[in-house]
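User: I would like a close look at one part of this protein, set against the rest of the fold. Please take your time and keep the reasoning visible.

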Amino acid sequence: DWQAYENNPIPFVVVATDAETGKPRYFTGEDIHPNDLEIIKASCTLPVVNTPRRIRGVPYYDGGVADPVPIRHALEDGCRKIVLILTKPYDYVRTSTFTVKFGARVVGRRYPAVRKALLHRAEAYNQSVAEAKKLEKQGRVLILAPNDISGLSTLTVDVDRQMALYEEGYRKAAGIRAFLDD
């Protein structure tokens, strides 16, 4: 519903990773146009699994490569309260797995900066979540996280487990309005 999108006064920001620099690029509502959702596609383009999406000639990957939890950017944009939706349990600590290291090596042949970002991703994720938890204690962040992901991963296709996770998230989201109105 493009008209509803255009009429929505809430700023729109989506992050993608510039494959040439390995740095995050924060696209805004000015970058999205009817029938051109390339920034959305770029923001969820997985290295190794997908080829990067090109926007104005620049290749991009998933924004989570360069900025896995963009808390700092939200604060820099002036957000006073942040709802952080994690896809892993609250106390999850990300590590750089063999799969990530292998993927970094593969994609790094063409995009060395992405290799570096992938290898740093676990540390960046953990630092950002730690910062979010500090802000949560101050009442500035509401963290919604699943209790358990039941073995789901990015590429898992299991409708029942996905629906259970979705329903858990939907129940937890009931507290968002009270948090924002407080």
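In strand β6, which residue is the bridge partner of I82? Please start from that pairing and then place it in the wider structure.

Analyst: The bridge partner of I82 in β6 is V141, and this holds for a predicted model. The pairing belongs to a set of 4 bridges that join β5 to β6 (residues 141–144), two strands that run parallel. Strand β5 spans residues 82–85 and has two unlike faces, since I82 and L84 form a covered one while V83 and I85 form an uncovered one. In a regular strand the side chains alternate between the two faces of the sheet.

The loops that follow these two strands each offer a point of reference. After β5, in the loop that leads to α4 (98–108), lies S96, which counts as partly exposed because its relative accessibility is 26%. The C-alpha atom of S96 is separated by 17 Å from that of G22, and the two residues are 74 apart along the chain. After β6, D148 has its place in the loop between that strand and α6, and at 48% relative accessibility D148 counts as partly exposed. Between the C-alpha atoms of D148 and W2, which are 146 residues apart along the chain, the separation is 35 Å.

G22, used above as a reference, leads to the other pairing region. G22 sits in the turn of the hairpin formed by β1 and β2, which has 5 residues between its strands, and G22 has a positive phi of about 75° there. The two strands of the hairpin pair in the antiparallel sense over 5 bridges, and within them A16 has R25 of β2 as its bridge partner. On another side of the pairing pattern, β1 (residues 13–18) is joined to β4 (residues 58–62) by 3 antiparallel bridges, with T17 standing opposite Y61 in β4. Together, 4 strands form an open antiparallel sheet in the order β2-β1-β4-β3. The edges are taken by β2 (24–28) and β3 (53–55), each of which has a single partner strand, so one side of each is left without a neighbour in the sheet. On average, neighbouring strands of this sheet are turned by 50° against each other, direction ignored.

Both edge strands can also be followed through salt bridges, of which the structure holds 7. R25 meets D31 side chain to side chain at 3.8 Å, N to O, and R25, D31 and R56 are linked in a network of salt bridges. The partners in the first pair differ in cover: R25 counts as partly exposed because its relative accessibility is 29%, whereas D31 counts as buried because its value is 16%. At the other edge, the side chains of E38 and R53 form a salt bridge at 2.9 Å, N to O. That pair links distant parts of the chain, with E38 in helix α2 and R53 in strand β3, 15 residues apart. R53, at 29% relative accessibility, counts as partly exposed.

The loops on either side of α2 hold two residues with positive phi that are not glycines. N35, in the loop between β2 and α2 (38–42), has a positive phi of about 60°, and at 83% relative accessibility N35 counts as exposed. V48 is found in the loop between α2 and β3, with phi near 75°, and V48 counts as partly exposed because its relative accessibility is 44%.

Returning to the stretch beyond β6, helix α6 covers residues 159–172 and includes M163. A nonpolar surface patch of about 470 Å² is made by V159, M163, Y166 and Y170, and M163 counts as partly exposed because its relative accessibility is 39%. The helix also holds the pair K172 and E168, 4 residues apart, about one turn of the helix, whose side chains meet in a salt bridge at 3.1 Å, N to O. K172 is partly exposed, with a relative accessible area of 28%, while E168 is buried, with one of 11%.

For the whole chain, the count is 7 helices and 6 strands, following the pattern α-β-β-α-β-β-α-β-α-α-β-α-α along the sequence. The radius of gyration is 17 Å, close to the 16 Å that the globule rule gives for 182 residues, so the chain is as compact as a globular protein of that length. Its C-alpha atoms fill a box of roughly 50 × 40 × 35 Å along the principal axes, and buried residues make up 35% of the 182 residues.

Notes. Residues numbered from 1 in each chain as written. Predicted model: local features only at pLDDT ≥ 70, side-chain atom pairs only at ≥ 80, totals over all residues. Heavy atoms only, no water. Pairing = 2+ DSSP bridges. Axes fitted to C-alpha atoms, helices over the stretch in contact; angles between N-to-C directions. Patch = residues over 30% accessible without salt bridge, like charges linked within 9 Å, V, L, I, M, F, W, Y side chains within 5 Å. Areas by Shrake-Rupley, 256 points an atom, 1.4 Å probe, with all protein chains shown as cover. Salt bridge = Lys/Arg side-chain N within 4 Å of Asp/Glu carboxyl O. Buried < 20%, exposed > 50% of the residue type's maximum accessible area, 1.4 Å probe, protein only. Rg over C-alpha atoms; globule rule 2.2 N^0.38 Å.
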